[in-house]
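Colleague: Got a minute to walk me through this model? I'd like to start with the sheet and then look at some aromatic rings.

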Amino acid sequence: MEKIPTQIIREGLVKLIVPEFSEYLRENGVYEPTWAPVFYNPQMKLNRDLSVAVVEAYSEAKKPILVADILAGTGVRGIRFAVEADNIDKVYINDKNPIAYEFMVKNIELNNVENIVEAENLDANLMLRYHKFAGEVFDYIDVDPFGSPVEFIDSALASVKIGGMLGITATDTAVLEGKHVNACVRKYFSRPIKSHFSKELAIRILLASIVQRAASQELGVSVKLSYYDKYYVRAYVVLVKGAKKADESLKKLGYVVFNKRSGEYFVVNNLSELLSISADKHYIVAGPIWCGNICEKEFLSKVSKVIMRKEHLKYKELIRLLQMLNAELNMPPLYYSIDMLGKFLKKSIPPLTSLIECLISNGYSAVRVHCDPKGFKTDAPLEVIYACFKKLSP
Ligand SMILES: C[S@@+](CC[C@H](N)C(=O)[O-])C[C@H]1O[C@@H](n2cnc3c(N)ncnc32)[C@H](O)[C@@H]1O
């Protein structure tokens, strides 16, 4: 570690030793975190800020909680939980990279959290299974990998307490959004499609995969908060014990049927419904996907309260994300894109706000989506959407 150029930065309420960014610059001058000997990506700050608020909101009504940050890099996230969230008993931060381990140890010292944070240097699956074997299971496990989280989900499910929470990131959005169909089927057991709603489809495929893996361990899944940002999907779920609970979660999986000609789509909950749809060569089917809400109202409200009472988390981008997720609650799954409508109708694109106002004035619900600046959700039928668009098209 002595030979690695480092710097001390601040994130949230912690100080951190991280690699010197200027040593790992792409030709365009942008820092590339995967080139550094230890991974730290300042662009994921919002992801970590929200995870602090989620962990605090989740632990509020509990005894102090036991946390594992199994892919910790510099340890930033786990140390932030210890420093910034109330109600933490102990945090294990783990990374298989021995250099990361040295950074974690230094960062624990730098923040004086030796009493509640412990660094480990194991393969993440081994770490979780080892703790379980020793009789220790976790209230909250954070899974923040390079790319797909799937290789860690089974161990995380086996090592989380009943009623415990998993926070899972997937950065392989090209796979989840349908650019690599076979990879998605292999990793997530779900067939994606490239479409105008692919970002939300990515969230729903990750959730469906968690539900199916949890069901194999007789666990049901309660989805608390999930979203798409920049180039990743993040899901927070709570595990509920029992074969019946697992069956109930599985019933919330379904398929999306997409008409490539008109942009129309609809979601069906089971295979018999799917089979009853008249064969149309323009229909393509994706799934299984999670068809339930991607956030829970009460939980969103708890997280928002945490953010409003913690000055350093109370900033525009994070507040806006939570407001948009809140507005999407109880709206139908997936969304339309104003650009896609322009393409199908071969007309110029009116302002999205005007289109939303038109749908609302026709008696329907319509809102912008958090994951795509051109996207909107509505319960209006396609004819009404087309009619509003044509009326407003300049
Ligand atoms: C995306 S980085 C984690 C970033 C960190 N959570 C943060 O917020 O800064 C993924 C980390 O996982 C570690 N890793 C990859 N495979 C692992 C494995 N099988 N077991 C333990 N650590 C692993 C890598 O060394 C890397 O530090």
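Colleague: What is the strand order in the open sheet of 7 strands?

Modeller: First, a caution: this is a predicted model, where local features need pLDDT of at least 70, side-chain atom pairs count only at pLDDT 80 or more, and totals for chains, interfaces and linings use all residues. Residues are numbered from 1 along each chain as its sequence is written, and side-chain values use heavy atoms, with hydrogens and water left out. Strands (E, at least two residues) and helices (H or I, at least four) are DSSP runs numbered from the N terminus, and two strands pair if DSSP finds at least two bridges between them. With mixed pairing, the order is 5-4-3-6-7-9-8.

Colleague: Which strands stand at the edges?

Modeller: An edge strand here has a single partner strand, so one of its sides is left without a neighbour in the sheet. That description fits strand 5 (117-120) and strand 8 (219-229).

Colleague: How many bridges join strand 6 to strand 7?

Modeller: These two, residues 138-143 and residues 160-170, run parallel. Y140 stands opposite M165 in strand 7. The bridge count for the two strands is 5.

Colleague: At what angle does helix 2 run to strand 4?

Modeller: Helix 2 (residues 76-84) lies across several strands, including strand 3 (65-69) and strand 9 (232-241). Contact means heavy atoms within 4.5 Å. Axes are lines fitted to C-alpha atoms, for helices over the stretch in contact, and angles run from 0 to 180 degrees between N-to-C directions. Against strand 4 (88-94), helix 2 runs at about 170 degrees.

Colleague: What kind of aromatic pair do F81 and Y140 form?

Modeller: Rings of Phe, Tyr and Trp (its six-membered ring) pair if their centres lie within 6.5 Å; planes under 30 degrees apart are stacked, over 60 edge-to-face, and the rest tilted. By this rule there are 12 aromatic pairs. F81 and Y140 sit 5.6 Å apart, centre to centre, with 85 degrees between the planes. That makes the pair edge-to-face.

Colleague: Is Y140 buried or exposed?

Modeller: Buried means under 20% relative accessible area, exposed over 50%, and partly exposed in between (1.4 Å probe, protein chains only). Its ring partner F81 has a value of 0%, so F81 is buried. Y140 is also at 0%, so the answer is buried.

Colleague: Which residues do ring pairs link into a cluster?

Modeller: The cluster is held together by ring pairs. Its members are F197, F258, Y265, Y336 and F376.
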